[in-house]
Amino acid sequence: MDTKVEYLDSNMPNNEIIKKAGEVIREGGLVAFPTETVYGLGANALDEEAVKKIFIAKGRPQDNPLIVHVASTEIDDLVEEIPDIARKLMDKFWPGPLTLIMKKSSKIPYVTSAGLDTIGIRMPSNAVANKLIKESGVPIAAPSANISGKPSPTNIERCIEDLLGKVDYIIGGEVCNVGLESTIVDCTVEPPCVLRPGGVTLEMLKEIHKDIYIDPAIMKKPEGDFRPKAPGMKYRHYAPKAPVKIISGNLQKTIAKINEMVQNYMDTGKTVGIMATDESIKNYPKGIVKSLGSRKDLRNIGKNLFKTLREFDDENVDIILSEAFEEKGIGIAVMNRLKKSAGFDITYIND
């Protein structure tokens, strides 16, 4: 397949390019495009055959549901009903990095929902994404625009790296400003439950519903066989080529432990990558060291996480060692992604 690639400025999207991409979506093709979270791989959410192409292009398991992207809060035809809590969350956080799970209508095929009677829907704030949905005239099903299991792409170059020759169109250019996939809230249960943490934090959600909570299972290694209700719940995700190990504890003890591990790996001939922070980067004399940013700005660390994991792929490291982060606010989402990238391989250091 020949893939057409177009670079856009999100502040001044080229309308002709958007029109062409919208036509591709309407005709059953695949378009990779930017959102504020990560780049998405889109198809007409109402077209079974088009949606099947997403799973093929990504190598995505068929029981991993997709998120439907819309350009308006008028979604009554896509769901059986809009619960009161969903309406409140839409009013507060749409457009933005928040996906709401509701009972789907018969209009959405089961291939889009991975056989579930529920569907996740969100309205992206990115100008290119929003215009593409409007131009296509249909809701767009879009997981992240990468090979399944790899770190999600936050720039167009990584989309090209993974999907060139597998999709019809790749559009975009700017780096995603959130860098982590959307928060997912299940609005079919009471109280509402967070199934994936993201840029809309638990603290922000509690301002709308004080009893909303995070499913404790999502911060642990999945056990047994089950049907995931939201993307990212079941399978290994966000993983670079090299195995990732997390070291958690007091920062000074963490640095000492990582340096010890680096030396041990190097003694066996391995190349080691270290994910550090601005506060610690000078304390690692050996290995390939990259800072995710300052611990004082966990949002920026979240924005840089997938980008940095991909950079270690470029460096061909044999192992990646990462500091851990406080699981509070956006830090919950950062650690959720980091734990999944590591397959929950964590070394805890007693303070």
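Begin with the polar contacts that join the two domains of this predicted model: between domain 1 and domain 2, 9 residue pairs are in polar contact, with both residues at pLDDT 80 or more. To display the two partners, select residues 4–219 as domain 1 and residues 244–348 as domain 2, following the domain assignment of the chain.

Next, restrict the view to the side of domain 1 that touches domain 2. Two elements give two or more residues to this side, namely helix 6 (156–163) and helix 7 (202–206). Of these, select helix 6, which provides the largest share, 3 residues. Colouring this side of domain 1 by residue class shows 12 nonpolar, 9 polar and 7 charged residues.

Which residue forms a salt bridge with D162? Selecting R310 gives the partner, with the closest N and O atoms 2.8 Å apart. Across the interface of domain 1 and domain 2, 4 salt bridges are found by the rule.

Now show the whole interface. Here 28 residues of domain 1 meet 23 residues of domain 2 in contact. The area buried between the two domains is about 1900 Å², and carbon and sulfur atoms contribute 55% of that area. Then select R158, L180 and M219 in a separate colour: together they supply 35% of the area that domain 1 buries against domain 2, more than any other three residues.

Finally, zoom out until both domains are in view. Taken over C-alpha atoms, the centres of domain 1 and domain 2 are separated by 28 Å.

Technical notes. Residues numbered from 1 in each chain as written. Predicted model: local features only at pLDDT ≥ 70, side-chain atom pairs only at ≥ 80, totals over all residues. Heavy atoms only, no water. Domains from an automatic or database assignment. Contact = heavy atoms within 4.5 Å. Buried area = accessible area lost by both parts, 1.4 Å probe. Salt bridge = Lys/Arg side-chain N within 4 Å of Asp/Glu carboxyl O. Polar contact = N/O pair within 3.5 Å; in protein donor to acceptor, adjacent residues only side chain to side chain. Helix = DSSP H or I, 4+ residues; strand = E, 2+ residues; numbered from the N terminus. Nonpolar A, V, L, I, M, F, W, Y, C, P; charged D, E, K, R; others polar.
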